[in-house]
Amino acid sequence: MTHVGTVLGATGTIVALTPARCLLLAWRGHGPRLPVYLALAVAGQTGLFLIASAVVDRSRPTIPHLDEAPPTSSFPSGHTAAAVALACGLALGLARTRHRHGFAALIWFLAVTLPLFVLVSRLYRGMHWPSDVAASVVFTLVWLLLLRGILLPRDGPGGTPRVRP
């Protein structure tokens, strides 16, 4: 089961799902900003992950690993950050542009449970320390919120989205 969690947050999975989600959003009439936001959310997270893993050279936990360790350091968890960027990025973007979306509850449920499943899987498989996955969640959420504020701003104090159907 934890292998599935690892695959869901793997680079190949995220690289395949991100353009598919962006194309689906554009096809469903969400305008250009939301697909661009989602693409930049995932790409920017990857850049932040690479910088952080180059700066912080942390060994993986000294317990048996159920996966082969990638060449990057234990800090931060790229799988967790990628899952947060895609799932939460989609939910945050839709919340800003389509605040009355019919599937909002399902989207938010997946935005929380998918990254959590990936996070727990990576911990269980011995690939990260708890602080590795926690840092990944924090830095990715900060990145998503900053990017959303720039690309999907609100009009004014009333809070109506600038991006409209």
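## Proline 153, serine 53 and helix α2

Proline 153 is buried (under 20% relative accessible area with a 1.4 Å probe and protein chains only; exposed is over 50%, partly exposed in between), with a relative accessible area of 16%. This is a predicted model, in which local features need pLDDT of at least 70, side-chain atom pairs count only at pLDDT 80 or more, and totals for chains, interfaces and linings use all residues. Residues are numbered from 1 along each chain as its sequence is written, and side-chain values use heavy atoms, with hydrogens and water left out.

Proline 153 sits in the segment after α6 (130–151); helices here are DSSP runs of H or I with at least four residues, and strands are runs of E with at least two, numbered from the N terminus. Its C-alpha atom lies 8.1 Å from that of arginine 96, though the two are 57 residues apart along the chain.

Over in helix α3 there's serine 53, which also counts as buried, at 10% relative accessibility. Leaving aside residues up to four places away in sequence, serine 53 touches Thr72, Ser73, Phe75 and Pro76, where contact means heavy atoms within 4.5 Å.

| Residue | Place | Relative accessible area |
|---|---|---|
| Proline 153 | segment after α6 | 16% |
| Serine 53 | helix α3 | 10% |

Now for α2. Its 17 residues should span 24 Å at 1.5 Å a residue, and the end C-alpha atoms are indeed 24 Å apart; the expected span is 1.5 Å times one less than the number of residues. Thr13, Ile14, Thr18, Cys22 and Leu25 of α2 are buried. They cover an arc of only 145° around the axis, so they sit on the same side of α2; the arc is taken from the directions from the helix axis to the C-beta atoms. These buried residues pack against α1 (2–8), α3 (33–55) and α4. The face turned away from them carries exposed Val15, Leu23 and Trp27. Just after α2, glycine 29 takes a positive phi of about 85°.

How do α2 and α4 meet? Helix α2 (residues 11–27) and helix α4 (residues 78–97) pack at an angle of about 10°, with axes 10 Å apart. The two are therefore roughly parallel (angles under 35 degrees; over 145 is roughly antiparallel, 65 to 115 roughly perpendicular and the rest oblique). On the α2 side, the contact uses Ile14, Leu17, Thr18, Arg21 and Leu25, while α4 brings Ala82, Ala83, Leu86, Leu90 and Leu94.

Methods
Axes fitted to C-alpha atoms, helices over the stretch in contact; angles between N-to-C directions.
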